[in-house]
Amino acid sequence: MQTKDMEERSKQFINPYLGGVMLGLLLLLTIYITGRGLGASGAVKSTVVTAVDKIAPAYAEKQAYYSKFLSDDHHPMNNWLVFETIGIFAGAFLSGLFAGRIKKFRVEHSPNITARTRLIFASLGGVFFGVGSQFGRGCSSGAAMSGTATFALAGFLTLLLMFGVGYLIAYFFRKLWI
Amino acid sequence: MGPLITQGIINPEWNFVIALVIGIAFGYILEASGFSSSRKIAGVFYGYDFTVLRVFMTAVVVAMVGLVYFNYMGWIDLSLIFILPTFMKSVIVGGVLMGFGFVLGGYCPGTSFTGIVIGKLDALFFTGGLLIGVFIFSSIFPWIEAIYYGGEMGAVTVTEALGISRGLFTFLFVIASLLAFIFTSLIQSKQKKTDL
């Protein structure tokens with residue numbers, strides 16, 4: 001039963017506490033080397049800034065938020081978090097490959113909702129997270145995890161709010177998941 | 001003594017190579033922990049899977065205790081590391097929006113990247129939403145600038161805000177995390193198994 005075997009293997013994730021220790025050591029090493037923590041939303045911002053600058057440079061320069069990150073000698077894609085994020089894709093690919101989880105594109109959703117509903121809410125969640133990560137000056141990685149580990153008040157508050165609000169509203173969106 | 005790049009011990013030319021290697025390890029750990037699955041992540045809010053809480057809190061505890069230890073041994077100068085500045089209004093708005101994003105989308109930015117790689121279309125749509133969200137934020141920036149810069153407190157730490165020592169805060173954080181691990185294990189053992 002080869003398919004059965006592959007199915008079993010694809011369900012295997014590492015122990016969460018082991019994953020946590022590895023992630024914590026990586027975060028510690030990152031701070032020790034670079035003086036800053038890990039991040040993910042920074043690369044999204046760089047991508048949007050670069051895209052808008054390429055398509056409508058005059059608009060980008062005029063807009064206060066973009067021009068914060070645009071200058072002649074400093075390209076927004078030439079940024080630490082962009083290289084780190086390219087690494088995230090590569091690392092996830094290796095892990096997925098070894099575990100046999102890389103398959104053709106599919107939609108993961110609760111049996112109670114359609115794939116279409118899932119995609120709509122996934123997009124909507126992304127928009128909320130995109131806007132939220134700009135207000136938060138970082139997302140779960142940069143603000144909540146790295147921020148809390150480095151004792152930043154903003155990081156600790158982001159951690160409490162993100163999960164706190166999540167638990168508060170979870171009941172109203174339970175159909176999406178259970 | 002760390003941080004190495006900040007103090008010029010490692011040549012900044014290596015910065016991007018280091019970023020790439022760290023990113024690879026980050027992506028590997030996220031995917032191997034199961035964060036390429038939105039239903040596994042969302043389980044933390046419904047009590048059928050607490051992987052997010054376990055991985056996240058363990059990582060913060062390890063890094064936090066490590067930093068305190070490194071500082072005590074004189075291996076790192078904590079006054080040189082980046083402290084995320086606090087803008088009280090902006091943090092509150094951001095945290096609330098990200099809470100909604102988490103429950104609606106089932107991903108956060110980093111985890112959605114790992115989902116895309118193994119072929120989750122919903123992860124791709126989430127990342128598309130992220131790009132749109134950042135674009136919306138930038139487009140309406142003049143109207144929300146007052147919130148973004150509102151309640152500025154500078155690079156304040158939680159220990160300064162609470163008026164307790166770094167050691168005590170770390171101790172309390174570790175105790176709270178251990179209690180959360182025990183408590184959530186009890187909840188999960190009472191839940192019927194949700195087949196992902």
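In the predicted model, a nonpolar patch on the surface of chain B is formed by B:L168, B:F171, B:L172, B:I175, B:L178, B:L179, B:I182 and B:L186. Together, these eight side chains' residues present about 760 Å² of accessible area. One member of the patch, B:L186, belongs to helix α9 of chain B, which covers residues 166-190. The relative accessible area of B:L186 is 48%, so this leucine is classed as partly exposed.

Chain A is helical in its assigned elements, with 9 helices and 0 strands. Read from the N terminus, the order of elements in chain A is α-α-α-α-α-α-α-α-α. Along the principal axes, the C-alpha atoms of this chain occupy a box of roughly 60 × 40 × 35 Å. Chain A comprises 178 residues, of which 50% count as buried. When contacts between residues at least 6 apart in the sequence of chain A are considered, 54% of them connect residues at least 24 apart.

The surface and charge of chain A were also examined. About 8300 Å² of chain A is exposed, and 66% of this area is supplied by carbon and sulfur atoms. The chain carries 17 positive and 9 negative side chains. The centres of these two sets of charges are separated by 10 Å.

Salt bridges were then considered over all chains, where the structure holds 4. One of them pairs A:R101 with B:E31, and the closest N and O atoms of this pair are 2.7 Å apart. Because A:R101 is located in the loop between α6 (80-99) and α7 of chain A, while B:E31 is located in helix α1 of chain B, this salt bridge joins two chains. Both partners, A:R101 and B:E31, are buried.

Another salt bridge is formed by B:D122 and A:R118, with 3.0 Å between the closest N and O atoms. Here B:D122 is part of helix α6 of chain B (residues 121-139) and A:R118 is part of helix α7 of chain A, so this pair likewise joins two chains. The relative accessible area of B:D122 is 0%, and B:D122 is therefore buried. A:R118 is also buried, because its relative accessible area is 2%. Within chain B, the side chains of B:K40 and B:D49 meet in a salt bridge with an N to O distance of 3.1 Å. Both B:K40 and B:D49 are buried.

Helix α7 of chain A also contains A:S133. With a relative accessibility of 3%, A:S133 falls under the 20% limit and so counts as buried. Apart from neighbours within four places in sequence, the contacts of A:S133 are A:S41, A:G138, A:C139 and B:M98. The list thus includes residues of chain A and a residue of chain B. A:S133 is separated from A:N15 by 118 residues in sequence, and the C-alpha atoms of the two are 29 Å apart in space.

Particular features of the backbone were found in both chains. Most residues other than glycine have a negative phi, and most peptide bonds are trans. In chain A, A:R137 has a positive phi of about 55° although this residue is not a glycine. A:R137 is placed in the loop between α7 (115-135) and α8 (140-149). At a relative accessibility of 21%, A:R137 is not under the 20% limit for burial and therefore counts as partly exposed.

A positive phi is also present at A:F151, a residue other than glycine, where the value is near 65°. A:F151 lies in the loop between α8 and α9 (153-170) of chain A. Since the relative accessibility of A:F151 is 3%, this phenylalanine counts as buried.

In chain B, the peptide bond between B:G2 and B:P3 is cis, with an omega of about -5°. B:P3 is situated in the segment that precedes α1 (15-32) of chain B.

Terms used. Residues are numbered from 1 along each chain as its sequence is written. Chains are lettered from A and ligands numbered from 1 in the order in which they are written. This is a predicted model: local features need pLDDT of at least 70, side-chain atom pairs count only at pLDDT 80 or more; totals for chains, interfaces and linings use all residues. Side-chain values use heavy atoms; hydrogens and water are left out. Patches are made of residues with over 30% relative accessible area and no salt bridge: like charges are joined within 9 Å, nonpolar side chains (Val, Leu, Ile, Met, Phe, Trp, Tyr) within 5 Å. Accessible areas come from the Shrake-Rupley method with a 1.4 Å probe; for residues, only the protein chains shown count as cover. Helices (H or I, at least four residues) and strands (E, at least two) are DSSP runs, numbered from the N terminus. Buried means under 20% relative accessible area, exposed over 50%, partly exposed in between (1.4 Å probe, protein chains only). Contact means heavy atoms within 4.5 Å. Lys and Arg count as positive and Asp and Glu as negative; His and the chain ends are not counted. The place of a charge is taken as NZ of Lys, CZ of Arg, CG of Asp or CD of Glu.
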